[in-house]
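Open the model in your viewer and keep the selection tool at hand. Each stop below says what to select and what is there.

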Amino acid sequence: MQRYIRPATPGDFDAVWAVLQSGRQYLKDQNLPQWQTGCGPREAEIKERLKAGESYVLILDSVVSGYTMLVPEPDGSPPMSEGAWAPCDTPYVAVHRVAMGEHCRGKGLAGGFLRDMVLIAGALGYRDIRIDTHPDNVIMQKIIQQAGFVRCGTMEKGIPGGTRWAYQIVF
């Protein structure tokens, strides 16, 4: 199995969008409100992030199989409603829109993808890396914690089902 990560390009949009739609359906199948209320990935947002060079894809056997973005501060996340970010005197980067294609699930690839994204963020000079997920998204919480993130609080996105648990790594 050939596996690697590369920066995504605007030409990857159709494959990325298919991965994101698969991820949206996966969340729906688990009865999670995350990405279900019209506040999930939007085409314009993804095209903008692809053009800005903030997107990455996981390639598995020559197929775009995973997607995420590294968004530098400010990333648009709401302030904490409970808890606090660990102090850090350098800019942060947020990991957003982690999604895997249906054919990848249950193979441990998401954890490796997220750990590799932490390494990429570090190589880009970031020492403060943040991510959040829905409190009921137990699978993603496990992946986040296994990648070395520590839960530091709760955010309220102001949308239906908008509570998010916030995690952080500070090197």
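Buried means under 20% relative accessible area, exposed over 50%, and partly exposed in between, with a 1.4 Å probe and protein chains only. This is a predicted model: local features need pLDDT of at least 70, side-chain atom pairs count only at pLDDT 80 or more, and totals for chains, interfaces and linings use all residues. Residues are numbered from 1 along each chain as its sequence is written, and side-chain values use heavy atoms, with hydrogens and water left out.

**Stop 1: the cysteines.** Select cysteine 104. It counts as buried, at 3% relative accessibility. Now select cysteine 88, which is partly exposed at 27%. Its closest cysteine sulfur is in cysteine 152, 12 Å away and too far for a bond. The whole structure has 0 disulfides (a disulfide is a pair of cysteine sulfur atoms within 2.5 Å).

**Stop 2: strand β2.** Helices (H or I, at least four residues) and strands (E, at least two) are DSSP runs, numbered from the N terminus. Select residues 55-60, which are β2. Here 6 of the 6 residues are buried, so β2 is largely enclosed by the rest of the structure. Ser55, Val57 and Ile59 lie on one side, with Tyr56, Leu58 and Leu60 on the other.

Add β1, residues 3-7: 5 bridges join it to β2, antiparallel. Strands pair if DSSP finds at least two bridges between them. Proline 7 stands opposite tyrosine 56. Next add β3, which pairs with β2 over 6 bridges, also antiparallel. Isoleucine 59 has valine 64 as its bridge partner there. The two strands form a hairpin with 2 residues between them, and aspartate 61 in the turn has a positive phi of about 50°.

**Stop 3: helix α2.** Select residues 43-52. Glu45, Ile46, Arg49 and Leu50 are buried. Seen down the axis, the buried residues fall within an arc of 130° (from the directions of the C-beta atoms), so they line one face of the helix. They pack against α1, β2, β3 and β5. On the other side, Ala44, Lys51 and Ala52 are exposed. Just after the helix, glycine 53 takes a positive phi of about 75°.

**Stop 4: the largest core.** A nonpolar core is a set of buried Ala, Val, Leu, Ile, Met, Phe, Trp, Tyr and Cys residues joined through side-chain atoms within 4.5 Å. Which residues touch the most other members of the largest core? Select Leu114, Ile131 and Phe149, out of 27 residues. The largest share, 7 residues, comes from α3. A second, separate core of 18 residues includes Val16, Trp35, Leu50 and Val57.

Terms used: Contact means heavy atoms within 4.5 Å.
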